[in-house]
Amino acid sequence: MPAGYNGHDKSMAVDFCWRGPRLPTHKADCTGCECAHWKLQLDADGNSMKSTMWQSFPAIHFEVELTKTSTTVSTEGVVDGWQCEFQDSTGQPDNHNDLIHHHGSSNCPYLKFKSKRERTKSPSPSSSPSLPAKFSLLMSAHDTDHKAQLDYTVPQIPCMPCNVSLAFSVMTDEEDDYIALGFRGGVYSYTDWKGDMASENRTSGGLPDYFGMSTSSGWESIYGPQPLNGRIALGFVNNGNGFFREMEATNYVGEPSDIQDKELLLKGTDVERVGDWTIIRFTSELFAGDTIEDLDWNPRDPFSTTMSRQRVMWANQ
Amino acid sequence: MGKSVNGDGSEATVGYHGPNRAISPLGFPGFNEPAHKYIDDIVKEEKGDAAKTKPYLSYN
């Protein structure tokens, strides 16, 4: 709440722009709102508001529509004696004192889920401690309409690399809806130029397509080789036939294209329609880890294993 | 091994979609969660139900 704000501003929109130099993950050469832009837009009658963040424009980081369902609370009622201080910070929120509220508990969803995981971590259906190691996870776990699920099986340790079998499945409305799975490299969001990787980041210009659709080759200087980065597996069924396409996104935002004039990396491809599920299967050489713990996407400490750091995108239409 | 598609399916538009598009590191707390069953077990159950069974489709 800006100092001196009395709740009577008649503006219909508020814009927040990124301050300071771009993060390594922001679009190349951006400044201010080009790097990150959060807009709160009231509708004409003031009963709903759209909250949109672009990072970096034109990639939408999140978009939420909020509707007023009860009477307006006064500014004083919202603040309720809590004069929260906002402090600039970047990086993973694990150690950020600014996310801890005055009563000692955090309202940060990330920290809440992390805390819950630390209390309740148990083997996922998956995590078989023996080889071949099989893992299974719901992607976007709260999206019960699509139940997007990723299963992967690693045959050996070390797997640096080895042939990993993957099955990606989504419940779709129509048989010919496509489902797609993209490999985007490792997690690096909100990390600043500071730290061990600063020199490499500055030399390479960072990871300027991190929040866009294309995938940079800059990952090798950070996490080592992962040829699958940037590849998209897409499948659908049409007139009773299954189709598989190996694709890539070459633009920051735009239509992906089929792989051409490059080696196809997805082998043994298969598309199946069972009930409302469309399932695509393939095998690919993957640098999955040196130890069996590295293979687990769901370790007690987030992002501490090779597989837990993999950024994976899914889509269907 | 993947090939270019043919037939009507090649007209499928692939692009930048909003509502059903999601990305996260696999280990992001609260976003990805353990699945209840392997997809292979779900398939076995679906195929065991004759009323729901549809032809097996494969493309290699």
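The following exercises, each with a worked solution, introduce a predicted model with two chains, A and B.

Residues are numbered from 1 along each chain as its sequence is written, and chains are lettered from A and ligands numbered from 1 in the order in which they are written. Because the model is predicted, local features need pLDDT of at least 70 and side-chain atom pairs count only at pLDDT 80 or more, while totals for chains, interfaces and linings use all residues.

**Exercise 1. Describe the make-up of each chain.**

Solution. Begin with the elements: helices (H or I, at least four residues) and strands (E, at least two) are DSSP runs, numbered from the N terminus. Chain A has 4 helices and 14 strands. In chain B there are 1 helix and 2 strands, and their order from the N terminus is β-β-α.

Next, consider burial. A residue is buried if 20 or more other C-beta atoms lie within 10 Å of its own, exposed if 12 or fewer, and partly exposed in between, with C-beta atoms placed from the backbone. By this rule, 36% of the 317 residues of chain A are buried; for the 60 residues of chain B the share is 23%.

**Exercise 2. State how chain A is divided and characterise the domain 1 side of the contact.**

Solution. An automatic or database domain assignment supplies the bounds: domain 1 covers 13-120 and domain 2 covers 133-316. Two residues are in contact if their C-beta atoms, placed from the backbone, lie within 7 Å. The contact between the domains of chain A takes 17 residues from domain 1 and 18 residues from domain 2. On the domain 1 side, helix 2 (residues 109-120) of chain A gives the most, with 3 residues.

The last step sorts this side by residue type. Ala, Val, Leu, Ile, Met, Phe, Trp, Tyr, Cys and Pro count as nonpolar, Asp, Glu, Lys and Arg as charged, and the others, Gly among them, as polar. The domain 1 side then holds 5 nonpolar, 8 polar and 4 charged residues.

**Exercise 3. Explain why Met12(A) counts as exposed, and locate it.**

Solution. Met12(A) counts as exposed because it has 12 C-beta neighbours inside 10 Å. Its place is in the segment before strand 1 (13-17) of chain A. Leaving aside neighbours within four places in sequence, Met12(A) is in contact with Gln41(A) and Leu42(A).

The adjoining strand 1 of chain A is joined to strand 2 (residues 37-42) of chain A by 5 bridges, and the two run antiparallel; two strands pair if DSSP finds at least two bridges between them. Within this pair, Val14(A) stands opposite Leu40(A). Both strands belong to an open antiparallel sheet of 4 strands in chain A, ordered 1-2-3-4. Its edge strands are strand 1 and strand 4 (60-67) of chain A.

**Exercise 4. Identify where strands and a helix of chain B meet chain A.**

Solution. First, take the open sheet of 6 strands, with antiparallel pairing and the order 12(A)-13(A)-7(A)-6(A)-5(A)-2(B). Its edges are strand 12 (267-274) of chain A and strand 2 (33-34) of chain B. Strand 12 of chain A is joined by 6 bridges to strand 13 (residues 277-286) of chain A, where Thr278(A) is the bridge partner of Arg273(A).

Second, helix 1 (residues 39-48) of chain B lies across strands 6 (149-154), 7 (162-171), 12 and 13 of chain A, at about 40° to strand 12 of chain A. Such angles run from 0 to 180 degrees between N-to-C directions, with axes as lines fitted to C-alpha atoms, for helices over the stretch in contact.

Third, examine strand 14 (residues 310-316) of chain A, in which 6 of 7 residues are buried. Strand 14 of chain A pairs antiparallel with strand 8 (residues 179-186) of chain A over 6 bridges, and Leu181(A) has Trp314(A) as its bridge partner. Strand 14 of chain A is also joined to strand 1 (residues 22-25) of chain B by 4 bridges, again antiparallel; Arg311(A) stands opposite Pro25(B) there.

**Exercise 5. Find the largest nonpolar core.**

Solution. A nonpolar core is a set of buried Ala, Val, Leu, Ile, Met, Phe, Trp, Tyr and Cys residues joined through C-beta atoms within 7 Å. The largest has 50 residues, and Ala233(A) and Phe168(A) are among those with the most contacts inside it. Not counting residues up to four places away in sequence, Ala233(A) touches residues including Phe168(A), Ala180(A) and Ile280(A).
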